[in-house]
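Student: Could you walk me through some features of a protein–DNA model, one at a time? I would like to learn how to read each of them.

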Amino acid sequence: MVKILLQIWHRDKASTYSHAYNKGKTLVFSKVPLPDYRADLDERHGSTQKEIKMSTETERRVENLLTRSKEALTINDSAGPSAPSGKQSFPGTSTTESDSTSKVDKQRFSAQLRDLQNSKKASPSARAMQSFREKLPAYRVKDDFLKAVAANQVLVISGETGCGKTTQLPQFILEEEIENLRGADCSIICTQPRRISAISVAARIASERGENLGETVGYQIRLEAKRSAQTRLLFCTTGVLLRRLVQEPDLSGVSHLLVDEIHERGMNEDFLIIILRDLLPQRPDLRLILMSATINADLFSKYFGNAPIIHIPGFTFPVAELFLEDVLEKTRYKINSEFDDYRGSSRRRRQQSTKSDPLTEIFEDVDIDSQYKSYSTSTRQSLEAWSGTQLDLGLVESTIEHICRHEGDGAILVFLTGWDEISKLLDKIKENNFLGNSSKFLVLPLHGSMPTVNQREIFDRPPSNMRKIVLATNIAESSITIDDVVYVIDCGKAKETSYDALNKLACLLPSWISKASAHQRRGRAGRVQPGVCYRLYPKVIHDAMPQYQLPEILRTPLQELCLNIKSLQLGAVASFLAKALQPPDPLAVKNAIELLKTIGVLDDMEELTPLGRHLCTLPLDPNIGKMLLMGCIFQCLGPALTIAAALAHRDPFVLPINRKEEADAAKRSFADDSYSDHIALLKAFEAWKDAKRSGRDRAFCWQNFLSPITLQMMDDMRNQFIDLLSDIGFVNKARGLKDYNHYGNDLEMVCAVLCAGLYPNVIQCKRRGKRTAFYSKEVGKVDIHPSSVNAGVHEFPLPYMVYSEKVKTASIYIRDSTNISDYALLLFGGALIPSKTGDGIEMLGGYLHFSAPKSVIQLIQRLRGELDKLLQRKIVEPGLDIPAEGKDVVAAAVELLHSQNIYH
DNA sequence: GAGCACTGC
């Protein structure tokens with residue numbers, strides 16, 4: 001029996017430079033001081049010793065297996081790295097024109113396209129369609145637009161919703177090209193940020209042209225396409241185009257590229273335009289059209305050397321706008337201060353006791369009595385008591401009530417920040433029953449994780465005597481459109497991700513929205529008739545809101561983006577990103593590169609390693625991609641595919657509003673005694689597959705609070721991953737997948753593979769009295785997220801957890817976790833560094849320290865060395881037959897993992 | 001003692 005002592009990493013207390021760090025930021029939201037979690041780590045960790053056992057029997061068996069493997073294995077280091085094939089097909093368009101396609105054929109095809117277009121135009125239905133199209137504001141700029149496209153390589157279009165830019169402009173180009181007998185040579189691509197819009201816009205245009213979808217107009221999104229060799233106008237998601245760039249770096253098959261919704265400043269779009277700006281000089285014939293909302297069109301024009309801007313006026317019905325002060329006048333609602341006992345000086349007291357954000361502070365400095373002279377005393381008192389930090393649900397309820405009593409028909413859409421607010425407001429409405437007859441009102445929650453998202457009643461018009469009230473998050477701002485909304489109630493906030501580069505911490509905190517978002521929310525009330533927007537915040541705050549939201553590239557960790565930059569051979573990461581419209585914080589770039597080095601994707605020269613090159617072919621975050629490859633190598637392919645698909649896409653467990661205890665119980669029953677959210681995902685997916693085979697999948701999903709759409713997507717993604725693994729030679733599909741699943745039911749092995757992929761996302765579990773506390777290297781104490789199967793568990797069988805997401809919300813939460821052993825970490829975690837004192841092993845930059853007798857340390861190091869060699873060989877020669885060549889090494893690892901079993 | 005913005009390859 002041996003003891004391994006776990007010692008705690010020592011470091012000097014870091015000075016707090018969060019203040020200076022934040023001072024450098026220009027945007028309001030970032031000015032809220034961040035704590036520097038790196039301070040006081042030692043204190044929070046305390047010092048512990050951990051005892052684990054390795055029986056002499058285990059030691060002997062591992063020893064034997066290793067010796068056997070040494071005899072069997074001849075290491076072949078001479079094989080050079082094989083570049084991944086990157087084979088992915090993009091059918092159609094002019095890239096694959098064979099030599100036999102002569103000029104004459106092309107001319108004939110162009111003529112055919114024109115004849116077809118003209119004959120369709122002549123039909124009565126097309127004429128009706130044409131007159132509809134001519135009413136759109138976009139039609140009035142048609143000639144100017146086509147002239148500008150001909151004369152300029154880059155063009156910026158600014159236009160509001162309802163102007164028809166997305167459906168008309170690509171169509172104008174298509175018609176013009178076909179009409180001028182260039183149909184066969186043109187290939188127009190229009191990118192959309194979201195899958196649904198790519199499909200629906202393509203469908204709309206096909207129908208305007210009187211064609212079937214997939215003829216001259218088609219779409220391509222991940223795992224789904226409707227296009228043909230005839231297709232000349234293709235709608236795709238920005239992600240699909242970025243993948244296409246891997247094989248076709250100069251987009252040689254494309255004649256016109258339209259990038260839509262760039263004002264949203266998504267990561268993909270920001271990334272794409274850096275590439276495009278560099279590409280344009282090499283492709284003088286390529287036309288680039290950037291489509292944006294009016295609010296920041298100048299920004300893009302400047303980025304492309306003052307490209308001309310064409311503005312298209314929007315068309316929506318007018319929407320009246322009321323701010324908090326007006327809402328209070330109308331509703332007569334009394335806001336009660338959180339400091340009721342100190343009425344009169346409540347604002348000052350609040351200023352002293354709670355930290356508010358800069359926008360709220362602006363309002364707290366306003367002298368209510370002089371600024372709001374014309375308002376009633378009651379309103380002024382309410383404004384005094386109003387808190388910018390906490391939403392007053394009574395005010396929301398009262399506003400709904402006001403609309404129902406005094407305004408005309410029409411659905412009400414309420415923008416809230418999250419699940420909790422939706423749930424509480426729903427309860428409050430039911431409880432108070434202010435609306436009297438509940439059969440007159442249909443109150444519907446709408447949240448990305450609620451099972452109601454796909455229900456028809458959200459989109460359908462309610463019966464004529466019923467009013468629909470939708471309580472939604474940001475999902476209703478651009479992803480889901482409810483046409484019959486006439487009234488919008490806007491709380492003015494949304495949960496927003498941000499990235500704290502200093503603490504390497506992703507955050508998800510409610511913050512004030514931008515003017516652009518506020519405008520978008522208001523617009524949701526004017527789709528079918530004039531509407532009203534009730535803003536539950538003062539005009540003073542609205543006026544102080546930032547113009548637009550911080551671009552995503554400044555709000556997220558960058559490892560996946562960095563991998564894509566290397567994959568597209570765009571040069572050094574930092575200098576490439578410095579060319580962005582708004583370049584990310586150099587510290588965030590540094591963090592991403594360091595992570596990629598830690599997990600073996602980049603070498604010291606910042607070049608892709610063989611592992612890194614394989615990961616480029618997988619559309620996954622590098623950690624998850626690595627987990628998938630490790631699952632393949634260590635013969636847990638099925639579980640790795642499933643877990644990778646869920647982590648990359650979204651959680652298949654839904655969060656119902658009424659039955660959350662049952663939903664929680666269902667998830668826990670899938671986890672059984674694994675202490676793992678990942679195993680819960682895996683078991684749920686497997687049970688769904690079984691249910692599907694016997695045709696009871698619908699009932700199964702309903703009973704177990706699972707989303708059938710998410711599970712189906714996961715299934716499709718698994719197949720895509722198998723194809724990609726087969727392309728890079730990791731999987732031989734002809735052989736069947738059974739060989740890659742030898743340990744598919746061995747949960748210790750699955751957890752070890754999770755550890756291999758998710759490292760360095762490791763936390764320590766430490767007993768603190770009757771409970772367990774959790775510590776991370778970067779920020780010290782963390783909590784298990786309440787939605788995790790590990791929440792509320794006081795005692796864990798194993799000393800560590802791996803996780804894929806750590807997010808700061810109310811506290812710093814580990815969202816998903818799997819309990820793992822020392823051996824999983826030692827064999828599959830980070831590099832084993834001999835400690836300076838010479839008596840043990842360090843990992844995670846010295847944060848974890850293992851010490852043990854020499855023989856044990858040596859045995860572990862030897863096994864780890866063999867595993868690493870095997871891994872390296874497989875990565876360099878992907879066709880290597882692990883079941884045959886690595887059998888004993890893998891068996892030795894399994895032996896050790898099982899010796900700390902929790903399942904057996 | 002308690003909680004889950006949204007996209008995408």
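Tutor: We will take the DNA surface, a helix pair, a buried residue and some backbone details in turn. Keep in mind that this is a predicted model.

Student: Let's begin with the DNA. Which residues come nearest to DNA strand B?

Tutor: A good start is to list the residues around the strand and then pick out those that approach it best. Here 30 residues surround DNA strand B, and Arg195, His447, Gly448, Lys495 and Thr809 come nearest.

Student: What share of the atoms of DNA strand B within 4 Å of the protein belongs to sugar or phosphate?

Tutor: For DNA strand B that share is 61%, and the rest of those atoms belong to bases.

Student: Which polar atoms lie by the phosphate oxygens of DNA strand B, backbone or side-chain?

Tutor: Both kinds appear, so to speak, in turn. A polar backbone atom of arginine 222 is 2.7 Å from a phosphate oxygen of DNA strand B, and for a polar backbone atom of glycine 448 the distance is 2.5 Å. Lysine 495, in contrast, uses its side chain: one of its polar atoms lies 2.6 Å from a phosphate oxygen of the strand. Two elements, α9 (238–247) and β15 (493–500), give two or more residues to the surface near DNA strand B. The largest share, 3 residues, comes from α9.

Student: How does the surface near DNA strand B divide by class?

Tutor: It has 11 nonpolar, 11 polar and 8 charged residues.

Student: Now the helices. At what angle do α32 and α36 pack?

Tutor: For a helix pair, look at the angle and the distance between axes together. Helix α32 (residues 747–758) and helix α36 (residues 887–899) pack at about 100°, and their axes are 9 Å apart. Angles of 65 to 115 degrees count as roughly perpendicular, and therefore α32 and α36 are roughly perpendicular to each other. On the α32 side the contact is made by Glu748, Met749 and Ala752, and on the α36 side by Val890, Val894, Leu897 and His898. By class, these residues divide into 5 nonpolar, 1 polar and 1 charged.

Student: Let me stay with methionine 749. Is methionine 749 buried or exposed?

Tutor: Methionine 749, in helix α32, has a relative accessibility of 1%, so it counts as buried. Leaving aside neighbours within four places in sequence, methionine 749 is in contact with Phe634, Cys636, Tyr743, Phe828, Val890, Val894 and Leu897. Its C-alpha atom is also separated by 8.9 Å from that of glycine 631, a residue 118 places away along the chain.

Student: What should I look for in the backbone?

Tutor: Most peptide bonds are trans, and most residues other than glycine have a negative phi. Departures from either pattern make good places to look.

Student: Where is there a cis peptide bond?

Tutor: One joins tyrosine 759 and proline 760, with omega at about 5°. Proline 760 lies in the loop between α32 and β18 (762–768).

Student: And which leucines have a positive phi?

Tutor: Leucine 181 has a phi of about 60°, and leucine 844 one of about 55°. Leucine 181 sits in the loop between α7 (165–179) and β3 (188–192), while leucine 844 is in the loop between β26 (840–843) and β27 (848–851).

Student: Are these leucines buried or partly exposed?

Tutor: Leucine 181 is partly exposed, with a relative accessible area of 38%, whereas leucine 844 is buried at 9%.

Key. Residues numbered from 1 in each chain as written. Chains lettered and ligands numbered in written order. Predicted model: local features only at pLDDT ≥ 70, side-chain atom pairs only at ≥ 80, totals over all residues. Heavy atoms only, no water. Near = heavy atom within 4 Å. Polar contact = N/O pair within 3.5 Å; in protein donor to acceptor, adjacent residues only side chain to side chain. Helix = DSSP H or I, 4+ residues; strand = E, 2+ residues; numbered from the N terminus. Nonpolar A, V, L, I, M, F, W, Y, C, P; charged D, E, K, R; others polar. Axes fitted to C-alpha atoms, helices over the stretch in contact; angles between N-to-C directions. Parallel < 35°, antiparallel > 145°, perpendicular 65-115°, else oblique. Contact = heavy atoms within 4.5 Å. Buried < 20%, exposed > 50% of the residue type's maximum accessible area, 1.4 Å probe, protein only.
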